[in-house]
Amino acid sequence: MNFIVSSSYMSQKLQVLGGIINNSNTLAILDNFLFELHANELIVSASDLESTISAKIKVQSDAEGSFAIPAKTLLDTLKTFAEQPLTFTVKENNTVEISYQGGKSELAYINPEDFPNTTELEDASTSVIMADTLASAINNTIFATGNDSLRPVMNGVFFQFLENDTRFVGTDAHKLVKYTRSDIKNERPAEFIMPKKPLNLLKSVLAGSEEDVDVEYNETNAKFTFEDFTLSCRL
């Protein structure tokens, strides 16, 4: 199994995914990126159990397969390359060979079976928000949220979807910020609390973009789909 991909293009995508990985994990598989190759489309995922983010990457290939590779090692390796095509070859000795102009690198990979499955949202409600609008809403409320493990309800941003507007609220019980957007209308009322970590990731990725973000949510989970990325998290 092999595929060819641009070094800078892949590095840009994986830098975003790396933001979800913890510095220390109780499960070894969470230190890895999951690679799923489907011919010319490569889906790379990262997870911390609570949140999972995936990116679709265009590659040259006619193969299919999956493997998990250490995230930090791969990111550090990609930083050393100037813009050029890279050829990834999965070998039978549990290594991935990366061929580039002037040399080769080999990284060990592990079985991907233990990687967390993406949660499918049942009976989900939907909304569409412009990326920069969502980034502004997060930026204007997340600073007011708390860090008290005994009161987790205050450690995230409250999303309230109403028929004529959408409200975002952050509070730590000492200060409270409510940010209202009348340009985001919804078919039916809904509300949930998003954790701080995935919100910080969304804020950094979405700022300045005029792309639409598709938001799906039910009582337990939310999913954000934008550009080539999908972020799902537990509420």
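This passage walks through a few strands, turns and surface residues of the structure. The model is a predicted one, and residue numbers start from 1 along each chain.

A good place to begin is strand S2, which covers residues 32-38. This strand is mostly covered, with five of its seven residues buried. It has two pairing partners to look at. With strand S5 (residues 64-70), S2 runs antiparallel, and seven bridges join the two. One spot to look for here is Asn32, which stands opposite Pro70 in S5. With strand S3 (residues 41-47), S2 again pairs in the antiparallel sense, this time over five bridges. His38 of S2 has Glu41 of S3 as its bridge partner. S2 and S3 make up a hairpin, with two residues between the strands. In that turn sits Ala39, whose phi is positive at about 55 degrees.

Further along the chain comes another hairpin, built from S7 and S8, and here too two residues lie between the strands. Strand S7 takes in residues 95-100 and strand S8 residues 103-108; they pair in the antiparallel sense over six bridges. Within this pair, Glu97 stands opposite Glu106 in S8. The turn holds Gly102, which has a positive phi of about 95 degrees.

Positive phi values turn up in loops as well. As background, most residues other than glycine have a negative phi. Ala173 goes the other way, with a phi near 80 degrees. This alanine is placed in the loop between strand S11 (166-171) and strand S12 (176-181). Is Ala173 buried, partly exposed or exposed? Its relative accessibility is 45%, so Ala173 counts as partly exposed.

Glu227 is a further case: its phi is positive, about 50 degrees, although this residue is not a glycine. It belongs to the loop between strand S15 (221-226) and strand S16 (229-234). The relative accessible area of Glu227 is 49%, so this residue is partly exposed. Glu227 also has a part in the surface picture, as it helps form a negative patch together with Glu210, Glu211, Asp212 and Asp214. Patch residues need over 30% relative accessible area, and the 49% of Glu227 fits with that.

Terms used: This is a predicted model: local features need pLDDT of at least 70, side-chain atom pairs count only at pLDDT 80 or more; totals for chains, interfaces and linings use all residues. Side-chain values use heavy atoms; hydrogens and water are left out. Patches are made of residues with over 30% relative accessible area and no salt bridge: like charges are joined within 9 Å, nonpolar side chains (Val, Leu, Ile, Met, Phe, Trp, Tyr) within 5 Å. Accessible areas come from the Shrake-Rupley method with a 1.4 Å probe; for residues, only the protein chains shown count as cover. A salt bridge is a side-chain nitrogen of Lys or Arg within 4 Å of a carboxyl oxygen of Asp or Glu. Lys and Arg count as positive and Asp and Glu as negative; His and the chain ends are not counted. The place of a charge is taken as NZ of Lys, CZ of Arg, CG of Asp or CD of Glu. Helices (H or I, at least four residues) and strands (E, at least two) are DSSP runs, numbered from the N terminus. Buried means under 20% relative accessible area, exposed over 50%, partly exposed in between (1.4 Å probe, protein chains only). Two strands pair if DSSP finds at least two bridges between them.
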